[in-house]
Amino acid sequence: MFDWRWDFTWQILPRLVIATGNTLMAAGFGYAIAVVLGLVFALAQRTPSRTLTFVVREAVEFIRSTPLVLQIFFVFYVGPQFGLRLSPWTAGMIAIGLHYAAYLSEVYRGGLDSVPKGQWEAATSLNLSTTRTYFRVIIPQALPPSLAGMGNYLVGIFKDTPMLSVIGVAELMHTATAIGSETYRYLEPYTLVGLIFLAISLPTAAGIRVFERWVRRKLGLS
Amino acid sequence: MTDEDLSGFPLALEGPDVPMVSFRTVTKRYGELVVLDALNLDVAEGEMVTVIGPSGSGKTTVLRMLMTLETINGGVIYVDGKPLTHMPRNGRLVRADSRHLRQMRSNIGMCFQHFNLFPHMTALENCMEGPVHVLGIPKAEARARSEELLDMVGMADKRDQHPSRLSGGQQQRVAIARALAMRPKVMLFDEVTSALDPEVIGEVTNVIRRLVAEHNLTMLMVTHQMGFAKDISDRVCFFYGGRIEEQGAPDELFGNPQKERTQQFLSAVKEAN
Ligand SMILES: Nc1ncnc2c1ncn2[C@@H]1O[C@H](COP(=O)(O)OP(=O)(O)OP(=O)(O)O)[C@@H](O)[C@H]1O
Ligand SMILES: [Mg+2]
């Protein structure tokens, strides 16, 4: 019933595998930016400065309430009007990194808030500085409850990388579409893309759960 | 915060008998609620003072203010003759900044009702955290000293365990060692046995007994265990409504309380037990 061609499938597979590398790189870089920036956003909302808290709070809200694809377009096409001329890769990484930083900051906020007040008081009684308290006491305990959410967004960012194709980043989706327009065959490339996403997402999600348990054990929390 | 008049308070306490801790007309409010009402309380060097009183009378608040976990609404607290809540600036007292608080805080250690050990660190790591990262003591030295303290509280064999593997009594003993590792002059105990099963209370009270007997620490302790308070205190303060209703040597206060509220409280406690 389907006109599935195996010779064509094998022929395009190497190109898609290479593109998978780009997809993983985009997801990896984007996530790295989001993980760090998200923590900055979360901590900024816990400083005594009301203004900083307000500004970051609103920025996070704004990012979370607008579509990612719009943000990608915005950084790439509107950026130049402000003298910000970026390559598709750079623009894509900034947009997707910022987008997921906003979401991750909420995950961190939940994790940080879940650390009992008594931990802060013990740290104060030992005269630990605020910075040290965060990095030695609070963040290690905020991590385990954040890991599930962090894992969800890792899979999420991976699945969102196809949106980078709209500005010409040569990731999986972009390559599959290119193959389709060259050969007029879309069934095999898009099916393969789906399978590749599945083959990476599922083990990643399972791996995250294992990692979560490992971290808990490692930190002596269970 | 209004600019209060602190001209009546000395910049430092001087003389032969300067108390280790001195609350001078200290007031603490939460909104409308006055929790401490112009409290005066001196604790001499090496003295063990126990605070008893009904729930909500401000006992914990006294310790928390001394540990700088709460800000003060009026009066001045002095530690070792120097102002804690304030600092001298151009010949007068102003509110302490974070640097002054950090400096003064190093005199004080505190143990909490719920231990508050760092759960991701072993017993030994809990004890070493402050000495290494705050006092800047070399790791090997801090380790040796922490092992010594864990040994003193009878926890040497559990030093590599995380708190989740320890009983409440064991956690509290580690917490005592952790506080002592910072070499405080003043130790604060806030109901350190209240969260414990009855059969392990003795482990913790015995450690405190040893501290009283063998160390010249100044201690301020809140407890609901009247027998223990009677045994080890130099002085007992009965708190009522944010004030000291009555205070005195344990034999006098427990044996012959003068105020009606003290009598009522003590007989209520006796009935409950
Ligand atoms: N953060 C806070 N905000 C508002 N009120 C508070 C706060 N902390 C304490 N209080 C109030 O201050 C009063 C004194 O509290 P404190 O904890 O010092 O009492 P306590 O004598 O230690 O009582 P207990 O025996 O129950 O521990 C109580 O009425 C309490 O409700
Ligand atoms: Mg209390």
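**A walk from the ligand outwards**

Start at ligand 1: it has 13 residues around it, and the ones that come nearest are Ser55(B), Gly56(B), Lys59(B), Thr60(B) and Thr61(B). Keep in mind that what you're looking at is a predicted model, with an ipTM of 0.94 and a pTM of 0.90.

What do the side chains offer the ligand? Take Thr61(B) to begin with: an N or O atom in its side chain sits 2.5 Å from an oxygen atom of ligand 1. Ser55(B) does something along those lines, putting a polar side-chain atom 2.6 Å from an oxygen atom of the ligand. With Tyr30(B), the partner is a nitrogen atom of ligand 1, and the polar side-chain atom lies 3.4 Å away from it. That last one still makes the list because a polar contact is a pair of N or O atoms within 3.5 Å.

How much of ligand 1 does the protein cover? On its own, ligand 1 has 640 Å² of accessible area, and the protein covers 59% of that.

Now zoom out a little to the shell as a whole. Sort its residues by character and you get seven polar, four nonpolar and two charged. In terms of secondary structure, two elements of chain B each bring at least two residues to the shell: strand 2 (33-43) and helix 1 (59-66). Helix 1 of chain B gives the most, with three residues. Thr61(B), with its 2.5 Å approach to a ligand oxygen, falls inside the 59-66 stretch of that helix.

How far can you trust chain B here? Its mean pLDDT is 94, and 99% of its residues reach 70 or more. Going element by element, helix 9 (residues 260-272) of chain B has the lowest mean, at 91, while strand 8 (residues 108-111) of chain B has the highest, at 98.

Over to chain A. The UniProt record, an unreviewed entry, places a feature called "domain: ABC transmembrane type-1" at residues 20-208 of this chain. In the model, that stretch is 80% helix and 0% strand, and its end C-alpha atoms are 20 Å apart.

One last stop is for anyone who likes ring geometry. Over all chains, the model has 13 aromatic pairs. One of them is Phe211(A) with Trp214(A), a stacked pair with 5.9 Å from centre to centre and 25 degrees between the planes. It counts as stacked because the planes are under 30 degrees apart. Both residues belong to helix 8 (residues 187-218) of chain A, where they are three residues apart, or about one turn of the helix.

Definitions and conventions: Residues are numbered from 1 along each chain as its sequence is written. Chains are lettered from A and ligands numbered from 1 in the order in which they are written. Side-chain values use heavy atoms; hydrogens and water are left out. UniProt positions are given in the numbering used here, feature names are shortened, and annotations may be inferred rather than shown by experiment. Helices (H or I, at least four residues) and strands (E, at least two) are DSSP runs, numbered from the N terminus. A residue is near a molecule or strand if one of its heavy atoms lies within 4 Å of it. A polar contact is a pair of N or O atoms within 3.5 Å; within protein, one must be able to donate a hydrogen and the other to accept it, and residues adjacent in sequence count only if both atoms are side-chain atoms. Accessible areas come from the Shrake-Rupley method with a 1.4 Å probe; for residues, only the protein chains shown count as cover. Ala, Val, Leu, Ile, Met, Phe, Trp, Tyr, Cys and Pro count as nonpolar, Asp, Glu, Lys and Arg as charged, and the others, Gly among them, as polar. pLDDT is the predictor's confidence in each residue, from 0 to 100. Rings of Phe, Tyr and Trp (its six-membered ring) pair if their centres lie within 6.5 Å; planes under 30 degrees apart count as stacked, over 60 as edge-to-face and the rest as tilted.
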